Amino acid sequence: MPTVQYPLRVRVYGGRNTHAARELPISGGRETACEYFIDAEADNHWLPGTDPVTCRRCQRALERGDSLI
Ligand SMILES: [Zn+2]
């Protein structure tokens with residue numbers, strides 16, 4: 001099983017947590033490690049990939065290091 005990587009960091013519109021995110025290979029959309037589909041039209045705040053993840057569900061997903069698919 002390949003490990004799913006979440007190299008992006010995003011604070012979604014209206015949210016306060018920093019999520020880990022990735023681009024979906026087929027649709028070109030983006031989703032967070034906590035399985036939130038990111039609305040590309042929304043005013044999301046993208047952060048450097050080195051920023052710490054503050055969303056607890058994302059943190060758990062990253063600690064598990066496995067696929068959420
Ligand atoms: Zn999250």
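In what order do the five strands form the open sheet? In this predicted model, the order is β4-β3-β2-β1-β5, and the pairing is antiparallel. That leaves β4 and β5 (45-47) standing at the edges: each has a single partner strand, so one side of each goes without a neighbour in the sheet. As background, strands of a sheet pair through backbone hydrogen bonds, in either a parallel or an antiparallel manner.

Going along the chain rather than across the sheet, the elements read β-β-β-β-β-α from the N terminus on. In total, the secondary structure amounts to five strands and one helix. One of the pairings in the sheet is that of β1 (residues 8-11) with β2 (residues 19-23), which run antiparallel and are joined by three bridges. Zooming in on that pair, R9 has A20 as its bridge partner in β2.

Now for the overall dimensions. Taken along the principal axes, the box filled by the C-alpha atoms of the chain is roughly 35 × 25 × 20 Å. A compact globule with 69 residues would have a radius of gyration near 11 Å, and the chain agrees with this because its own value is 11 Å. As for burial, 23% of the 69 residues in the chain are buried. Of the contacts in the chain with a separation of 6 or more, 54% are between residues 24 or more positions apart.

The loop between β3 (30-32) and β4 (37-38) is worth a look, since that is where E35 is found. What is the sign of phi at E35, a residue other than glycine? The value is positive, with phi near 70 degrees. For context, a negative phi is what most residues other than glycine have. Is E35 buried or exposed? E35 has 11 other C-beta atoms within 10 Å, and the cut-off for an exposed residue is 12 or fewer, so E35 counts as exposed.

Over in helix α1 (residues 56-64) sits R60. Here too the neighbour count settles the matter: R60 counts as exposed because there are 11 C-beta neighbours inside 10 Å. Which separation goes with the C-alpha atoms of R60 and A33? These two residues are 27 residues apart along the chain, and their C-alpha atoms are separated by 8.9 Å.

Key
Residues are numbered from 1 along each chain as its sequence is written. This is a predicted model: local features need pLDDT of at least 70, side-chain atom pairs count only at pLDDT 80 or more; totals for chains, interfaces and linings use all residues. Helices (H or I, at least four residues) and strands (E, at least two) are DSSP runs, numbered from the N terminus. A residue is buried if 20 or more other C-beta atoms lie within 10 Å of its own, exposed if 12 or fewer, and partly exposed in between; C-beta atoms are placed from the backbone. Two strands pair if DSSP finds at least two bridges between them. The radius of gyration is taken over C-alpha atoms; the globule rule is 2.2 Å times the number of residues to the power 0.38. Two residues are in contact if their C-beta atoms, placed from the backbone, lie within 7 Å.
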